[in-house]
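Thank you all for coming; I would like to take a few minutes to walk through one chain with you. Please have a look at the sequence and the structure first, and then we will go through the parts one at a time.

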Amino acid sequence: MENWGLLLSLIFDQIQGQWALKEELFTAIAPLDRGAEATAQDQELVDQIARKLEAVNKIKEPLKSDLLNGKWELLYTTSQSVLQTQRPKFLRPNGKIYQAISVDTLRAQNMETWPFFNQVLSSYSQTASYFLLLFIIDQVNLFPMFLQVTANLVPLNARRVAVKFDFFRIAGLIPIKSPGSGRGQLEITYLDEELR
């Protein structure tokens with residue numbers, strides 16, 4: 001009986017520690033405008049917290065998990081191709097940025113709206129393995145996307161996929177075939193019911 005109590009206590013402490021790390025991470029990224037306002041010190045702090053969270057990750061093979069399926073909202077990135085900080089602020093994506101992933105079909109879709117409509121619509125993101133990307137799951141799909149990018153995913157291992165963008169779609173109507181240079185990698189280092 002004493003062993004069961006100890007085991008339950010250890011499990012509870014681990015879950016509580018994981019939740020505390022997630023809260024610490026959400027607090028650290030909240031004022032950073034998805035990373036656009038992050039200083040080098042902010043980036044280092046977020047990276048340190050993310051590494052601690054990755055260390056307690058229970059899902060070691062995220063590409064085999066149904067939790068990866070869904071529409072994810074980008075909360076933070078260090079990717080300049082997403083943040084577009086070299087552009088004037090009014091031309092940068094400033095609404096929600098989404099990425100939908102289907103492990104079953106090995107497809108991904110990134111979504112962006114026109115910068116002036118981003119307050120009520122969604123946005124897209126490019127991903128690459130060397131950028132820190134934090135997403136939360138989002139089940140809402142109320143608004144049409146201005147720009148959609150679809151991609152094939154090719155598993156490289158249980159945590160990493162090669163990404164090959166194949167089509168862009170403007171205003172949900174005008175398809176444009178990718179020129180072939182739209183490639184990258186995505187590594188999932190942490191996954192649970194609400195965060196990756």
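Let me begin with a question: does Leu-32 count as buried or exposed, and what is its relative accessibility? Before I answer, please keep in mind that what you see is a predicted model. Leu-32 counts as buried, because its relative accessibility is 5%, and buried here means a value under 20%. The residue sits in the loop between helix 1, residues 2-29, and helix 2, and its C-alpha atom is separated by 9.4 Å from that of Leu-75, which lies 43 residues away along the chain.

The loop between helix 1 and helix 2 also holds Arg-34, which has a positive phi of about 60 degrees although it is not a glycine. With a relative accessible area of 13%, Arg-34 is buried too.

Let me step back to the chain as a whole. Its secondary structure comes to three helices and nine strands, and from the N terminus on the elements run α-α-β-α-β-β-β-β-β-β-β-β. Of the 196 residues, 40% count as buried.

Now to helix 2, residues 40-55, where we can check the geometry. At 1.5 Å a residue, its 16 residues should span 22 Å, and the end C-alpha atoms are 23 Å apart, which agrees with that expectation. Within helix 2, the residues Val-46, Ile-49, Ala-50 and Leu-53 are buried. Seen down the axis of helix 2, the buried residues fall within an arc of 100 degrees, so they line one face of the helix. On the other side of helix 2 we find Ala-40, Gln-41, Arg-51 and Ala-55, which are exposed.

Next, the strands. Which side chains make polar contacts with the side chain of Gln-99? Gln-99 lies in strand 2, residues 96-102, and it is buried, with a relative accessible area of 2%. One polar contact, at 2.9 Å, is made with the side chain of Asn-110, and another, at 2.4 Å, joins the side chain of Gln-99 to that of Arg-196.

In the loop between strand 2 and strand 3, the latter being residues 107-112, we come to Leu-106. Leu-106 has a positive phi of about 55 degrees, again without being a glycine, but at 30% relative accessibility it counts as partly exposed, whereas Arg-34 is buried.

Further along the chain, Ile-188 lies in the segment after strand 9, residues 183-187. Ile-188 is buried, with a relative accessible area of 3%, and its C-alpha atom is separated by 8.1 Å from that of Leu-63, although the two residues are 125 apart along the chain.

Finally, a word on the second largest pocket, which has a volume of about 180 Å³. How many residues line this second largest pocket, and which of them lie nearest its centre? The lining is made up of 13 residues, with Gln-18, Lys-58, Tyr-190, Asp-192 and Glu-193 nearest the centre. By character, the lining divides into six nonpolar, two polar and five charged residues.

I will stop there and put the model back on the screen, and I am happy to go back to any of these places.

Terms used:
Residues are numbered from 1 along each chain as its sequence is written. This is a predicted model: local features need pLDDT of at least 70, side-chain atom pairs count only at pLDDT 80 or more; totals for chains, interfaces and linings use all residues. Side-chain values use heavy atoms; hydrogens and water are left out. On a 1 Å grid over the protein atoms alone, a cavity is a set of points where a 1.4 Å probe fits but cannot get out, and a pocket is an open set with protein on both sides within 12 Å along at least five of seven lines; lining residues have an atom within 4 Å of a point. Grid points are joined across faces, edges and corners, and a volume is the space filled by probe spheres set on the points. Ala, Val, Leu, Ile, Met, Phe, Trp, Tyr, Cys and Pro count as nonpolar, Asp, Glu, Lys and Arg as charged, and the others, Gly among them, as polar. Helices (H or I, at least four residues) and strands (E, at least two) are DSSP runs, numbered from the N terminus. Buried means under 20% relative accessible area, exposed over 50%, partly exposed in between (1.4 Å probe, protein chains only). A polar contact is a pair of N or O atoms within 3.5 Å; within protein, one must be able to donate a hydrogen and the other to accept it, and residues adjacent in sequence count only if both atoms are side-chain atoms. The expected span of a helix is 1.5 Å times one less than its number of residues. The arc is that of the directions from the helix axis to the C-beta atoms.
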